[in-house]
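Reader: I'd like to learn how to read the sheets and helices in a model like this one. Could you walk me through it?

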Amino acid sequence: MLPFTADDLKAIQTETFIEHLDYFESLASTNSWALHTHCSPKKTTPVRGVNLPVLVLTGKQTAGRGRGNHSWWSPEGTLTFSLVVDVAQIQIPIEQQPLIALATGLAVCETLEKHLPENKLQLKWPNDVFLQNKKVSGILVETAASVPGLVVIGLGLNLNNSFLSAVEDLKQTGTSLYETTGQKFSMTTTLIDLINGIENRLYDVAGEQNQFMETWRKYCLLSGKTIRVNTGRETKTGQCLEIDDHGFLILKTEAGIERIISGTIEHF
């Protein structure tokens, strides 16, 4: 049985702000497809006659990507998709763009909380969602330098998949809604709720007041913990004081207080 029927795809476009939908039963990477197809200078969206936002959706992702060199494990039952948005259309200033991943993570937390009111949901800066202390969702935000203004928001959510076939490391660190609750969830309804939640939070980013970050901090997994951060240039260790309104991780190290805008948490 296909995860999405023709009626499902119609409902997704009818009930969200999506203007164009690319659907594949199987696809290597929704982000790669979105970047190549909708963010290429030779295939710019206006020329192709495709209105934004675009949703790239697949029933099965075979080579999902995470940040850096990380991959995303996508067995049957995983919800994987990418959104292509025009930040000018939403009126997000360039200096606010680093907050897109944080806003998306918050939207995921808030959406899942409606279905899982008794379970603990947390955010690990900058792009992971945790359920009951295990990773349940990852976010990958990418841009194409050749087509400024277009942003691809990739999202993988462990929805109805089982971790029985996962490697041992993933069994220890990851979970799904099904693993946590023993219940199956509607892929279509969950996707619609996620897209609407992301839309709302993207407009909060456009507001420039960053008031949503106060809500984000309520879910923060790292506050008060001693962590190790790889910034790409160096590795820093210290206590995470908070994530500030501009999306910076505030780290208290032996050398003093440091503000880190981008990095990978290697230990927490």
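**Reading the sheets and helices**

Author: Sure. Start with an open sheet of seven strands, whose order is β1-β2-β5-β9-β8-β7-β6 and whose pairing is mixed. Keep in mind as we go that this is a predicted model.

Reader: Which strands stand at the edges of that sheet?

Author: Those are β1 (20-24) and β6 (121-124). Each has a single partner strand, so one side of each is left without a neighbour in the sheet. As for twist, neighbouring strands here are turned by 15° against each other on average, ignoring direction.

Reader: Okay, and how do I follow the pairing strand by strand? Let's take β5. What does β5 pair with?

Author: On one hand there's strand β2 (residues 54-58), which pairs with β5 in the antiparallel sense over five bridges. To find your place there, look for Val-56, which stands opposite Ser-82 in β5. On the other hand there's strand β9 (residues 150-158), antiparallel to β5 over nine bridges. Here Leu-79 has Leu-157 in β9 as its bridge partner.

Reader: Is β5 largely enclosed or left open by the rest of the structure?

Author: Go by burial, where the cut-off is under 20% relative accessible area. Eight of the nine residues of β5 (residues 78-86) are buried, so the strand is largely enclosed by the rest of the structure.

Reader: Nice. What about β7 and β8: how many bridges do they share?

Author: Four, again in the antiparallel sense, between β7 (residues 128-131) and β8 (residues 134-143). Phe-130 is your marker: it stands opposite Lys-135 in β8.

Reader: Which helix lies across β5?

Author: That's helix α2 (residues 30-38), which lies across β1, β2, β5, β8 and β9 and runs at about 25° to β5. A good residue to click on is Asn-31, which is in α2.

Reader: Is Asn-31 buried or exposed?

Author: Asn-31 has a relative accessible area of 4%, so it counts as buried. Leaving aside neighbours within four places in sequence, Asn-31 is in contact with Arg-65, Ser-82, Leu-140, Glu-142, Val-152, Ile-153 and Gly-154. You've met Ser-82 already, as the residue in β5 opposite Val-56.

Reader: Now helix against helix. What should I look at?

Author: Two packed helices are described by the angle between their axes and the distance between the axes. Try helix α5 (residues 100-115) and helix α8 (residues 187-206): their axes come within 8 Å and cross at roughly 140°. α5 and α8 are therefore oblique to each other, and α5 passes α8 in a right-handed crossing.

Reader: Which residues make the contact?

Author: From α5, they include Ile-100, Ala-103, Leu-106, Glu-110 and His-115. From α8, they include Asp-193, Leu-194, Ile-198, Arg-201 and Val-205. By type, the residues of this contact divide into nine nonpolar, four polar and three charged.

Reader: One more sheet, please. What is the strand order in the open sheet of five strands?

Author: It goes β13-β12-β11-β10-β14, with antiparallel pairing. The edge strands are β13 (256-260) and β14 (264-267), each pairing on one side only. Neighbouring strands in this five-stranded sheet are turned by 50° against each other on average, direction ignored.

Reader: And where do I find my bearings in the pairing of β10 and β11?

Author: β10 (residues 226-230) and β11 (residues 235-243) pair in the antiparallel sense over five bridges. Look for Val-229, which stands opposite Lys-236 in β11.

Terms used: Residues numbered from 1 in each chain as written. Predicted model: local features only at pLDDT ≥ 70, side-chain atom pairs only at ≥ 80, totals over all residues. Heavy atoms only, no water. Pairing = 2+ DSSP bridges. Helix = DSSP H or I, 4+ residues; strand = E, 2+ residues; numbered from the N terminus. Axes fitted to C-alpha atoms, helices over the stretch in contact; angles between N-to-C directions. Parallel < 35°, antiparallel > 145°, perpendicular 65-115°, else oblique. Left-handed = near helix turned anticlockwise from the far one by under 90°. Contact = heavy atoms within 4.5 Å. Nonpolar A, V, L, I, M, F, W, Y, C, P; charged D, E, K, R; others polar. Buried < 20%, exposed > 50% of the residue type's maximum accessible area, 1.4 Å probe, protein only.
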